[in-house]
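Biologist: Hi, could you walk me through this one? I have a few quick questions.

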Amino acid sequence: MTPLLLLFVALATASPVRRQAPTLDVDGNGILTRPEVLNGMTLTQAMIAADSGDGDGYFTRPEATQYISPAMFNSIDADDDNRLSFAEVLGTMTMGDMFDAYDANGNGQLEGPERDRIEAIYRGIIATGAVQPIQVAFLDANGDGYLSKPEVLNTLTMDQALAASDDDGDGLFTKEQALTTIDEAAFNRLDTNHDNQLSFDEIKTGFTIEDVFTQRDVNGDGFLVGDEAQTFHVMYYGILVHNQPALLAATPLDTNGDGILSRPEVQQVDLQAAMQAADTDGDGLFSKDQAVAVLGEDLFNQLDTNGDNFLSFAEVNQGITMDTLFDLNDANGDGVLTGPETLTIINMYDSIQAISINTK
């Protein structure tokens, strides 16, 4: 994805504090403490950012060992397929585990190269718009930072989640695969034919999305926030990545239902409305810190025509149109958007719809 497109993904998913410099070092002392890291990023965010290159929802051994040790890779790779799924990672480790792995001297702080590795991951999160984990297409429909049961049940189905998770398409999950998401007692209860694997039908007969919500709602308050919500953010990410035809079928943008987005279909998106949806504090400006983290200094300076270190709507309009976005998203140059090429445009459209719904 090109830097210009990342701007819109980042702006559409940015946290309300949009002018914070891209660093985890809150007190500016050059040292990262555990609270600074754990309060500044989640493991889900880190994975989404790291997976932005191919967006396949997996990490090969070479990809994963840029961030974790080979020994840790082996311990996480439950199904021994020499790659890590999001579910395997989240079922085995936490952001605290990553902090400990990077804290080579065990002093509870990250300094020098230790700090630089985590900061690089954080900058990747900022650049890929994963500041809020998969609120694109808005699981969090009212934007309050919490997932309610209706928000989840109105957005996800078990069929979608199972299909997105079934990477080999055989309609089955081995015990090793299933245990990355559920415990052994639940597996044994669901495995009604005792073949040591779970079929889609076995899961759907004994488990629902509502059950998953209840299981993840650790404090029982009826809402999911932070780590409680990670399962659904990852689940929805899997649907985004692996179920593109269903996404297109569900979006009004694909007016002729052919499973691709043409230039006229993309031109239906109102760029002004998309910027309004991204401008969460309503000041009509996007700060240099956030824009540079996505665009780089040169492109920011090109768009910042008045040199005030912000991008106004007018300045964005000078250099960006929906035609521009179409061309930049059309990675293979075939004149249509297919598969992952459609994500940015669908996300923009969904952001507009969410804001419209919330203001009615």
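Modeller: Happy to; here is a short chat about the overall make-up, some helices, two loops and a surface patch.

Biologist: Great. What kind of model is it, by the way?

Modeller: This is a predicted model.

Biologist: Good to know. How many helices and strands does the protein have?

Modeller: There are 23 helices and 10 strands.

Biologist: And what share of the residues is buried?

Modeller: Of its 360 residues, 46% count as buried. The accessible surface comes to about 16,300 Å², and carbon and sulfur atoms account for 52% of that surface.

Biologist: What about contacts between residues far apart in sequence?

Modeller: If you take contacts between residues at least 6 apart in sequence, 65% of them join residues at least 24 apart.

Biologist: Let's move to helices. Is α3 largely enclosed or exposed?

Modeller: Helix α3 covers residues 43-50, and 7 of its 8 residues are buried, so the rest of the structure largely encloses this helix.

Biologist: Which residues of α3 are buried?

Modeller: They are L43, T44, Q45, A46, M47, I48 and A49.

Biologist: OK, and which residues are buried in α22?

Modeller: In α22, residues 322-329, the buried ones are M322, L325, F326 and N329. Looking down the helix axis, the buried residues fall within an arc of 100°, so they line one face of α22.

Biologist: Nice. Which residue caps the N-terminal end of α22?

Modeller: That would be T321: one of its side-chain oxygens lies 3.3 Å from the backbone nitrogen of D323.

Biologist: Changing topic: what can you say about the backbone of N196?

Modeller: N196 is not a glycine, yet its phi is positive, about 65°. You'll find N196 in the loop between α12 (184-190) and β7 (197-199).

Biologist: How accessible is N196?

Modeller: Its relative accessibility is 45%, so N196 counts as partly exposed.

Biologist: And N309, where is that one?

Modeller: N309 sits in the loop between α20 (297-303) and β10 (310-312). Its phi is also positive, near 70°, in a residue other than glycine. At 37% relative accessibility, N309 counts as partly exposed.

Biologist: Last topic, the surface. Which residues make the nonpolar patch of about 250 Å²?

Modeller: Y146, F223 and V225 make that patch.

Biologist: Where does F223 sit, and how accessible is F223?

Modeller: F223 belongs to strand β8, residues 223-224. With 35% relative accessibility, F223 counts as partly exposed, because buried would need a value under 20% and exposed one over 50%.

Biologist: Perfect, thanks a lot!

Definitions and conventions. Residues numbered from 1 in each chain as written. Predicted model: local features only at pLDDT ≥ 70, side-chain atom pairs only at ≥ 80, totals over all residues. Heavy atoms only, no water. Patch = residues over 30% accessible without salt bridge, like charges linked within 9 Å, V, L, I, M, F, W, Y side chains within 5 Å. Areas by Shrake-Rupley, 256 points an atom, 1.4 Å probe, with all protein chains shown as cover. Salt bridge = Lys/Arg side-chain N within 4 Å of Asp/Glu carboxyl O. Helix = DSSP H or I, 4+ residues; strand = E, 2+ residues; numbered from the N terminus. Buried < 20%, exposed > 50% of the residue type's maximum accessible area, 1.4 Å probe, protein only. Arc of directions from axis to C-beta. Polar contact = N/O pair within 3.5 Å; in protein donor to acceptor, adjacent residues only side chain to side chain. Contact = heavy atoms within 4.5 Å.
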